[in-house]
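Here are a few short exercises to work through with the model open beside you. Try each task before you read its solution.

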Amino acid sequence: MFHVARRRILAALTAAAFALLSPAAARAAYPEQLIKIIVTFPPGGSADTVIRALEPLVTAELKQGLVIENRAGAGGNIGMAAVAQAKPDGYTLGVAPAGALTVNPHLNASMPFALKDLAPITLLAEIPFVLVASANIPARTPAETIALAKAKPGGLSIGHGGNSTAMHLTAALFTQRSGIAMELVPYRGTAPAAVDVLAGHVPFAVLDIPASRQLILEGKLNAIGVSSARRLASLPDVPTLAESGLAGFESVGWFGLVAPAGTPADVIARLNEAFAKALKDAAVAEKIRTLGAEPAPTSPEQFGRFIQDESAKWGKLISEAGIKAN
């Protein structure tokens, strides 16, 4: 009788031990250590600022700290390669920029990672752009801009923030969708592009909101339209290009949160829940908007489809427009 009871106790203890050691039980305790987040931009940029704004709320929700590591370079490829090669346990994540996931693969013959190497968690923020004109240009709408360009084929230009950037692709998409020929003039960032369109050295430019909003509000630049699908809270009187005659037009910069492929689904779900909740916080959302961005939480599935759609759109444009890597 004693031996039978002893065997039953040992069996129960063994079963309990296996349950504690099982992957499902281990994941139930996630996270048990600090979570590293690789940001593919230098400190102080919009992606870095957004993730640091989210950090206190995510830390409180997960009851675990975040370690933010900046690995800039190669248009985001360096940081994304590090994420793709990390152990898929939920303790190494990455802030993925639009270019690294949906543009660079179409511009580079070889890449240090592939989309299949990454698991989407959530879109974090979208960064819309605005097409502006110098104050002395007689165009106030997309229709007037297009008519002016058709009257002077190849005689007008659009400045943008640099070759292969989202602003470059936005300008290229505008000319393609409009059926017009305009020279696309690259600058080293949006600030110098804003200076030149303000001075009238280039008639038009695609700029981000921080570089253009005050100039628009002061009447020093004419806002032709914003590139997002919806009007912006920061420029509510400026129509979208889509509602101004270019139906379906949408082009935004963005960044989202990814993990190495193979990260358990329940860990992905836990992270999605924590970051989405933080993005919906009123104070955090307001801080993100001051950067010229819009909070954009999604489900992992929605973010995955968004990446695929963006990749297809930009791949088609890059091929048809003959856009080359910088």
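**Exercise 1. The chain as a whole**

Find out how much of the chain's contacts come from residues distant in sequence, then describe the chain overall.

Step 1. Among contacts (heavy atoms within 4.5 Å) with a separation of 6 or more, 78% are between residues 24 or more positions apart.

Step 2. Before going on, note the ground rules: this is a predicted model, where local features need pLDDT of at least 70 and side-chain atom pairs count only at pLDDT 80 or more, while totals for chains, interfaces and linings use all residues. Residues are numbered from 1 along each chain as its sequence is written, and side-chain values use heavy atoms, with hydrogens and water left out.

Step 3. The chain has 12 helices and 10 strands, which are DSSP runs (helices H or I, at least four residues; strands E, at least two) numbered from the N terminus.

Step 4. Its C-alpha atoms fill a box of roughly 100 × 40 × 30 Å along the principal axes.

Step 5. The chain has 326 residues, and 50% of them count as buried. Buried means under 20% relative accessible area, exposed over 50%, and partly exposed in between (1.4 Å probe, protein chains only).

**Exercise 2. The setting of Leu 93**

Is Leu 93 buried or exposed, and which residues does Leu 93 touch?

Step 1. Locate Leu 93 in strand S3, which covers residues 92–97.

Step 2. Leu 93 has a relative accessible area of 0%, so this residue is buried.

Step 3. Leaving aside residues up to four places away in sequence, its contacts include Ile 35, Lys 36, Ile 37, Ile 38, Val 83 and Ile 121. Leu 257, Val 258, Ala 259 and Leu 271 are also among them.

Step 4. Pick out Ile 38: it lies 55 residues from Leu 93 along the chain, yet their C-alpha atoms are separated by 6.2 Å.

**Exercise 3. Two helices side by side**

Work out how helix H3 is oriented relative to helix H11.

Step 1. Recall that two packed helices are described by the angle between their axes and the distance between the axes.

Step 2. The axes of H3 (residues 46–62) and H11 (residues 282–290) come within 10 Å and cross at roughly 170 degrees. H3 is therefore roughly antiparallel to H11, a label used for angles over 145 degrees.

Step 3. From H3, Thr 49, Val 50, Ala 53, Leu 54 and Leu 57 meet Val 284, Lys 287 and Ile 288 of H11.

Step 4. Sorted by type, the residues of this contact are six nonpolar, one polar and one charged.

**Exercise 4. Salt bridges**

How many salt bridges does the whole structure hold, and where does the one between Asp 48 and Arg 52 lie?

Step 1. The search finds 12 salt bridges, each a side-chain nitrogen of Lys or Arg within 4 Å of a carboxyl oxygen of Asp or Glu.

Step 2. Asp 48 and Arg 52 form one of them, at 3.0 Å from N to O. These two residues are four apart in helix H3, so about one helical turn separates them.

Step 3. Compare their surroundings: Asp 48 is buried at 4% relative accessibility, whereas Arg 52 is partly exposed at 36%.

Step 4. Glu 320 pairs with Lys 316, with the closest N and O atoms 2.9 Å apart. Both lie in helix H12 (residues 300–321), four residues apart, about one turn of the helix.

Step 5. Finish with a network: Glu 61, Arg 270, Glu 273 and Lys 277 are joined by salt bridges that share partners.

Technical notes. Axes are lines fitted to C-alpha atoms, for helices over the stretch in contact, and angles run from 0 to 180 degrees between N-to-C directions. Angles under 35 degrees count as roughly parallel, over 145 as roughly antiparallel, 65 to 115 as roughly perpendicular and the rest as oblique. Ala, Val, Leu, Ile, Met, Phe, Trp, Tyr, Cys and Pro count as nonpolar, Asp, Glu, Lys and Arg as charged, and the others, Gly among them, as polar.
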